[in-house]
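Visitor: Hello! I am new to this structure and would like a close look at a single part of it. Could you take me there step by step?

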Amino acid sequence: MAFFSVIITSHNQADFIRNAVASAAAQSHSNREIIVVDDASSDGSQQILEEYGDGNPLTKLGKNGSEPRS
């Protein structure tokens with residue numbers, strides 16, 4: 001079976017992020033990884049994602065990508 005990655009991006013999605021991760025984890029294809037990228041959320045999303053521990057790699061951006069660059 002082919003290996004594939006599920007990449008979930010999030011910015012202030014505390015109400016939905018658990019469902020997104022659970023949906024990806026529930027897929028029947030077992031040869032996959034789930035990678036979550038949080039775009040500097042300020043609503044508690046990062047804390048929710050940290051509950052998953054090392055089971056899903058989490059990248060936390062320090063600054064929101066849509067903020068103007070200086």
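In which helix does Ile 48 lie? Please show me its surroundings as well.

Guide: Happy to. Please keep in mind that this is a predicted model. Ile 48 lies in helix α2, and that helix covers residues 45-50.

To find your way there, start with the overall layout. The protein contains two helices and three strands, and read from the N terminus they follow the order β-α-β-α-β. The C-alpha trace extends over about 45 × 25 × 20 Å along its principal axes. There are 70 residues, and 26% of them count as buried.

Ile 48 is one of those buried residues: the cut-off is under 20% relative accessible area, and Ile 48 has 9% relative accessibility, so it counts as buried. Setting aside neighbours up to four places away in sequence, the contacts of Ile 48 are Ala 14, Ile 17 and Arg 18. Ser 30 is another story: it is 18 residues from Ile 48 along the chain, and the two C-alpha atoms are 23 Å apart.

Now look at the company Ile 48 keeps. It belongs to the largest nonpolar core, a group of nine residues that also includes Ile 8, Ala 14, Ile 17, Val 21, Ala 24, Ile 34, Val 36 and Leu 49. Three elements each bring at least two residues to this core: α1 (17-25), β2 (32-38) and α2 (45-50). The biggest share, three residues, comes from α1. Such a grouping fits a broader pattern: in soluble globular proteins, nonpolar side chains tend to be buried together.

Next door in the sequence is Leu 49, also a member of this core. Beyond its neighbours within four places in sequence, Leu 49 is in contact with Ile 17, Val 21, Val 36, Asp 38 and Leu 58. Ile 17 is thus a contact of Leu 49 and also a contact of Ile 48.

Ile 17 leads us on to Ser 10, which sits in strand β1 (residues 4-10). Ser 10 is buried, at a relative accessible area of 4%. Not counting residues up to four places away in sequence, Ser 10 touches Ile 17, Val 37, Asp 38, Asp 39, Ser 41 and Ser 45. Ser 45 brings us back to α2, which spans 45-50.

Two loops in this part of the chain are worth a visit. Asn 12 is in the loop between β1 and α1, and Ala 40 is in the loop between β2 and α2. Asn 12 is not a glycine, yet it has a positive phi of about 55°. Ala 40, likewise not a glycine, has a positive phi of about 55°. As for their cover, Asn 12 is partly exposed, with a relative accessible area of 31%, whereas Ala 40 counts as buried at 18% relative accessibility.

Finally, step back to the whole protein. Among contacts between residues at least 6 apart in sequence, 59% join residues at least 24 apart. The accessible surface comes to about 4700 Å², and carbon and sulfur atoms account for 50% of it. The side chains include 5 positive and 9 negative ones, with the centres of the two sets 4 Å apart. And Ile 48, where we began, has its place in helix α2 and in the nine-residue core.

Definitions and conventions. Residues numbered from 1 in each chain as written. Predicted model: local features only at pLDDT ≥ 70, side-chain atom pairs only at ≥ 80, totals over all residues. Heavy atoms only, no water. Helix = DSSP H or I, 4+ residues; strand = E, 2+ residues; numbered from the N terminus. Buried < 20%, exposed > 50% of the residue type's maximum accessible area, 1.4 Å probe, protein only. Contact = heavy atoms within 4.5 Å. Areas by Shrake-Rupley, 256 points an atom, 1.4 Å probe, with all protein chains shown as cover. Lys, Arg positive; Asp, Glu negative; His and termini not counted. Charge placed at Lys NZ, Arg CZ, Asp CG, Glu CD. Core = buried A, V, L, I, M, F, W, Y, C linked by side-chain atoms within 4.5 Å.
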